[in-house]
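Colleague: Could we go through this structure together? I should like to begin with the ligand.

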Amino acid sequence: MAMIELDSISKRYRTVQALKNVSLSVREGSVFGFLGPNGAGKTTLIRILARLIEPTSGSFSIDGKAMHHTKRLVGYLAQQPTFYPWMSARELLRFSGTLYGMSFSEIEKRIDELLPLCGIQMAADRRIGEYSGGMVQRLGIAQAILHRPKVVLLDEPASALDPIGRRDVLTLIGRLREETTVFMSSHILEDIQRVCDEVAIIADGSIVLQQNIQALLGCHARPLMRLQFKDSFTASTCKALLADLSVENSIEEATCIVISETDYHAKHAKIMRMLSDHGLQLLGLYKQNATLEDVFMHHIKERNHA
Ligand SMILES: Nc1ncnc2c1ncn2[C@@H]1O[C@H](COP(=O)(O)OP(=O)(O)OP(=O)(O)O)[C@@H](O)[C@H]1O
C-alpha cells in the first residue's frame with residue numbers, strides 16, 4: 001500500500017523552477033531514498049512534504065489524507081538541525097513532546113523507548129552542545145519520531161558526518177522500518193544503497209526514475225569482469241588483442257582490464273585462447289557487481305546529453 005502519493009508537484013521560486021511535475025509513490029514501511037546532485041530539488045520536496053512551504057501546483061497525500069491534513073502525520077529532520085546547546089537530550093525530547101501535545105506519561109514512556117533505540121541513553125543527561133555530529137543527528141531522529149509519525153522525512157541525515165557517525169546513523173535508519181515509513185534524501189549513493197529499499201533519482205527538478213534498488217541494479221547496470229595482470233605492459237597488450245576480438249574494454253589502475261560479463265561469456269573460449277597464444281598470464285579474474293553509482297551516472301549522463 002502507498003503511504004505517500006505525490007501528484008504532479010511543481011515548485012517555482014521567482015526565477016528558479018525547483019520542481020517540475022514530480023509524481024512518486026512511496027510504499028508503507030519502506031526506507032525510500034531520494035537521490036540527486038546538489039541543487040536537484042531534494043530539500044524543496046522534503047519541505048513541501050513537511051508542510052513548511054506550499055507547492056506552486058500539484059498535491060500529495062499521506063496515509064490517504066489530503067495534504068492540508070498531513071502535518072501531524074510526519075516527523076521532520078532538517079539538513080542542518082540546530083538544538084539549544086544548553087539543553088540535555090532528555091530535556092529536548094520532553095520539550096518537543098509538549099509541543100506535539102503529548103501527555104507527560106506518554107512522553108516519559110516514549111523517551112525510555114527512544115534513547116536506547118537511537119543509542120543516546122548514556123548521554124541523555126549531558127548538554128547537547130557537547131555532542132558529536134552523529135549524536136546530534138541521532139537525537140534529531142529521536143525528536144522527529146517522538147510522536148509516532150506515519151512518515152519520517154530526513155534531509156541528508158548522514159551526508160555531513162564522518163564514517164563512524166554515518167555508519168551509526170544509517171544503522172539507526174535501517175531500524176526505523178519497524179516504526180515508520182522513512183523518506184530520506186542524499187547525494188551519497190553509497191548511503192542510499194546501504195539502507196534504502198527503493199530509490200527515486202531526481203535531476204534538475206524532474207524524476208529520472210523510481211525503482212526498487214535490487215531490481216534497478218539487476219536491469220540497468222551490467223555486471224563487469226576484471227582481468228588482473230602482473231604489469232601494465234601485459235595489460236595494454238591484452239587491451240589491444242581484445243579490441244581485435246571486438247571486445248570493448250578499458251584499463252583500470254594500469255594493470256587491470258575491465259570487460260562486460262556478457263562479452264566475457266560470449267567470447268570466453270576466444271579470450272582464453274588469445275591469452276594462452278600470447279603468453280599473457282592472468283593473476284586474477286573477478287566479477288564486479290554493479291553499483292547504484294553506475295546506474296546514477298548512466299542516467300545523469302543520458303539526461304545531460306538529451
Ligand atoms: N528559497 C529559495 N529561493 C530561491 N531559490 C531557491 C530557494 N530554495 C532553493 N532554491 C533553488 O531551488 C533549486 C533546488 O534547491 P534545493 O535546495 O531543493 O536542492 P537540493 O537538491 O536539496 O540541493 P542540496 O543537495 O544542495 O541541498 C536550486 O536551484 C536552489 O538554488
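Modeller: Certainly. Please bear in mind that this is a predicted model. The ligand is surrounded by Tyr-13, Val-16, Ala-18, Gly-36, Asn-38, Gly-39, Ala-40, Gly-41, Lys-42, Thr-43, Thr-44 and His-187.

Colleague: Which elements give two or more residues to that shell?

Modeller: They are β2, residues 16-27, and α1, residues 42-49. The largest share, 3 residues, comes from α1.

Colleague: And how many residues of each class are in the shell around the ligand?

Modeller: The shell has 7 polar residues, 4 nonpolar residues and 1 charged residue.

Colleague: Let us change topic. Which residues have the most contacts inside the largest nonpolar core?

Modeller: That core has 69 residues, and those with the most contacts inside it are Leu-139, Ala-142, Leu-153, Ile-173, Val-182 and Phe-183. Helix α4, residues 133-145, gives the most to this core, with 7 residues. In soluble globular proteins, nonpolar side chains tend to be buried together.

Colleague: What does Leu-139 touch, leaving aside residues up to four places away in sequence?

Modeller: On that basis, Leu-139 touches Ala-89, Leu-92, Cys-118, Ile-120, Ile-128 and Tyr-131. A second, separate core of 9 residues includes Leu-227, Ala-235, Cys-238 and Ile-259.

Colleague: One more topic, the backbone. Where does Arg-51 lie?

Modeller: Arg-51 lies in the loop between α1 and β4. Its phi is near 65°, a positive value in a residue other than glycine. Most residues other than glycine have a negative phi.

Colleague: Why does Arg-51 count as partly exposed?

Modeller: Arg-51 counts as partly exposed because it has 18 C-beta neighbours inside 10 Å, whereas a buried residue needs 20 or more.

Methods:
Residues numbered from 1 in each chain as written. Predicted model: local features only at pLDDT ≥ 70, side-chain atom pairs only at ≥ 80, totals over all residues. Core = buried A, V, L, I, M, F, W, Y, C linked by C-beta atoms within 7 Å. Buried ≥ 20, exposed ≤ 12 C-beta atoms within 10 Å, placed from the backbone. Helix = DSSP H or I, 4+ residues; strand = E, 2+ residues; numbered from the N terminus. Contact = placed C-beta atoms within 7 Å. Near = placed C-beta within 6 Å. Nonpolar A, V, L, I, M, F, W, Y, C, P; charged D, E, K, R; others polar.
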